[in-house]
Amino acid sequence: MSSRREFVQKIATSALGLPVLLNSSSLFAYTNNHYDGPLLRVAIMGLGSYGTRVAEAMQSCRKAKLVGVISGTPSKVAIWQSKYGIEGKNCYNYDNFDEIKDNPDIDAVYVITPNGLHCEFTKRVAAAGKHVICEKPMGINAREGQEMVDACRAVNVKLLIGYRMHFEAKTLKIVGMRKKGEFGKIIFFQGQSGFIIGDPNQWRLNKKLSGGGAMMDIGIYSINGARYMIGEEPIWVTAQETKNDPVKFKEGIDETIQFQLGFPGGAVASCLSTYAVNHLDRFYLAGIEGWAEMQPSTGYGPIKARTHKGELTDPHITHQTVQMDEMAGIILENKQPVIPVDGEEGVKDMKIIDAIYKAVKTGKKIDLTSS
Ligand code: NAD
């Protein structure tokens, strides 16, 4: 046994009951698990707050490796180069990254820029013949999402959306229980997603760059969660908007929207998306024979979850570490995830977002079966 493994084992034994150490020991154990297959070599585009989180998480990956960057800020590139050992030949900016097509050392680009740039950048990466991982929301509407799917399909590269929760252990445990019928017929889902947004000048409050407000940014977790927790596609949507601060949340930027989704099996989802309440992160699934509750349900974790059978104890591993390794498996080995993360999955959420905005505007129930 390697000394690192012994160290990990010691921590796991001595730190029982201390969640922080247990979490790090889970990560050590995860990282130490032997792997000598192919590596997915990734360039991150957009070295902002989430790009930085992904880069840090990738340091513990087994199957994915950060090898390149695309950024408009040379000073950031220099820092990332020295921190992560990125070679100069793998560094690009937004004007010249099409040249990545001639770089055999990069397999995929992870687009982590403001939402309004996802579509254009994804199409350019695809045209350069590289696989694309793109953050949520995949674009600013379903039309953009479909264009991205079509562009990637046309040149035979994969398009995956950064739905990290689709690989999270407790989420998968509950989805597995629902599939086995352990909750009985599903009747109700409640999703609450929100935080208080700060700086009024940030891109998230600029319609061109964000595509919308809280719904695009955080409400999408409740939409996506309703779909994977219930396991069906909704057939109708109704929605109502509340805006308490019209100066900060201008036309086209939603502050708070409550929405309802109807599912073909008879289940209903009732959800809240908001930029006006902090730490709002809760899922509740109710069936005739059981229930599941997650709080927090989609934050960076550890996720806390319990069902009618008790607390879930699956270890926390940094979401983005698992996500990137699993995505490497999907791209390199054609692995099929339990919950899809492909472009088509992203388009499904975008169609629902489009319908929610339409329902808010018209006050009508929107049929989702015809689109
Ligand atoms: P951020 O503002 O911290 O970073 C955005 C990056 O894009 C910056 O490096 C910025 O320089 C760059 N950029 C390029 N062109 C730009 C332009 N025209 N205007 C502004 N910035 C520009 O934002 P973030 O929080 O990292 O979010 C980036 C993406 O990641 C968003 O799509 C967001 O929804 C997504 N995200 C996902 C998660 C998740 O858990 N999956 C979490 C946070 C953010």
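**Exercise 1. Which of the 24 residues around the ligand come nearest?**

Before you start: this is a predicted model, where local features need pLDDT of at least 70, side-chain atom pairs count only at pLDDT 80 or more, and totals for chains, interfaces and linings use all residues. Residues are numbered from 1 along each chain as its sequence is written, and side-chain values use heavy atoms, with hydrogens and water left out.

Step 1. Collect the residues with a heavy atom within 4 Å of the ligand.
Step 2. From those 24, pick out the nearest: Ser49, Asn115, Lys136, Arg164 and Trp203.
Step 3. Sort the shell by class: 11 nonpolar, 7 polar and 6 charged residues. Here Asp, Glu, Lys and Arg count as charged, Ala, Val, Leu, Ile, Met, Phe, Trp, Tyr, Cys and Pro as nonpolar, and the others, Gly among them, as polar.

**Exercise 2. Find backbone atoms that pair up with the ligand.**

Step 1. Look for N or O pairs within 3.5 Å, the cut-off for a polar contact.
Step 2. Try Ser49: a backbone N or O atom is 2.8 Å from a ligand oxygen atom.
Step 3. Now do Thr113, where the distance from a backbone N or O atom to an oxygen atom of the ligand is 3.2 Å, and Leu47, where it is 3.4 Å.

**Exercise 3. Why does the ligand lie between domain 1 and domain 2?**

Step 1. Take the domain bounds, which come from an automatic or database domain assignment: 20-163 for domain 1, and 165-315 + 339-367 for domain 2.
Step 2. Both domains give residues to the shell, so the ligand lies between them.

**Exercise 4. Hunt for unusual backbone geometry.**

Step 1. Recall the usual case: most residues other than glycine have a negative phi, and most peptide bonds are trans.
Step 2. Check the prolines: Lys136 and Pro137 are joined by a cis peptide bond with omega about -15°, and Gly301 and Pro302 by another with omega about 5°.
Step 3. Turn to Asn156, which is not a glycine, yet has a positive phi of about 60°.

Note on methods: A polar contact is a pair of N or O atoms within 3.5 Å; within protein, one must be able to donate a hydrogen and the other to accept it, and residues adjacent in sequence count only if both atoms are side-chain atoms.
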